[in-house]
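Visitor: Please take a close look at how the strands pair and how the charged side chains meet here. I would like one connected account, with distances and accessibilities where they exist.

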Amino acid sequence: MVDAGGAFSKAPTVPDATRRQAELKAELQVMSLVADGLHAFVPGKDDLALGTAFLRRMIDEHKLPVLAANLTCDGQTFDGTRVVVAGGRKVGLIGLAGPGLRVCAVSDPAAALTESLAALGPVDVTVLVVNAERAELEALKKGALRKRAV
């Protein structure tokens with residue numbers, strides 16, 4: 001199972017008055033996703049409304065498997081690829097964040113995708129997990145994805 005963002009929040013900011021409620025709700029969602037076998041989570045712009053410290057806590061306490069080849073938050077980078085076995089097949093996962101993450105740095109997704117495809121190694125199938133707008137996905141499709149069928 002993979003998640004391309006939107007699990008934590010549906011808005012780019014969380015009012016102080018409802019912050020604790022939002023944190024509890026998001027933590028419960030993380031716990032449920034991880035318990036259900038989540039293999040990759042790519043944070044989107046609204047997922048970071050609770051801040052990078054909250055994301056870090058979810059990673060540390062609940063083993064949230066963040067996968068984002070082109071994302072840097074507070075100086076921390078994330079794995080961009082992961083290989084899992086599903087149905088007896090090796091599945092390569094690549095995570096990419098789209099622009100718009102105000103509290104983190106997002107590097108060029110096309111360059112990150114090219115590097116991730118090269119680093120992935122032999123797999124039976126590749127799954128690209130992206131949190132981006134349609135135009136950004138189309139640009140990836142015309143660029144890096146054209147070089148290798150995904």
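**Strand pairing and charged contacts**

Guide: Thr-72 stands opposite Ala-105, which belongs to strand S7. The model is a predicted one. The strand on the other side of this pairing is S3, residues 71–73, and S3 and S7 are joined in the antiparallel sense over two bridges. In general, strands of a sheet pair through backbone hydrogen bonds, in either a parallel or an antiparallel arrangement. Here three strands make up an open sheet, ordered S4-S3-S7, with antiparallel pairing. Strand S4 (76–77) and strand S7 (105–106) are at the edges with a single partner strand each, so one side of each has no neighbour in the sheet.

The charged side chains come next. Side chains of opposite charge can pair when their charged atoms come close. The structure contains five salt bridges, and three of them are described below.

In one of them, Arg-56 and Asp-60 have their closest N and O atoms 2.9 Å apart. Both residues sit in helix H2, four residues apart, which is about one turn of the helix. Arg-56 has 28% relative accessibility and counts as partly exposed; Asp-60, with a relative accessible area of 43%, is also partly exposed. Elsewhere, Arg-19, Arg-20 and Glu-23 are joined into one network by salt bridges that share partners.

Within that network, the side chains of Glu-23 and Arg-20 meet at 3.3 Å, N to O. Glu-23 and Arg-20 are three residues apart in helix H1 (residues 19–35), so about one helical turn separates them. Arg-20 is partly exposed at 49% relative accessibility. Glu-23 has a relative accessible area of 14%; it counts as buried because the cut-off for that is under 20%.

Helix H1 also takes part in a contact with helix H2. Glu-27 forms a salt bridge with Arg-57, and the closest N and O atoms are 3.5 Å apart. This pair links distant parts of the chain: Glu-27 lies in helix H1 and Arg-57 in helix H2 (residues 52–62), 30 residues apart. The relative accessibility of Glu-27 is 13%, which makes Glu-27 buried, whereas Arg-57 is partly exposed with a relative accessible area of 26%.

Terms used:
Residues are numbered from 1 along each chain as its sequence is written. This is a predicted model: local features need pLDDT of at least 70, side-chain atom pairs count only at pLDDT 80 or more; totals for chains, interfaces and linings use all residues. Side-chain values use heavy atoms; hydrogens and water are left out. Two strands pair if DSSP finds at least two bridges between them. A salt bridge is a side-chain nitrogen of Lys or Arg within 4 Å of a carboxyl oxygen of Asp or Glu. Buried means under 20% relative accessible area, exposed over 50%, partly exposed in between (1.4 Å probe, protein chains only).
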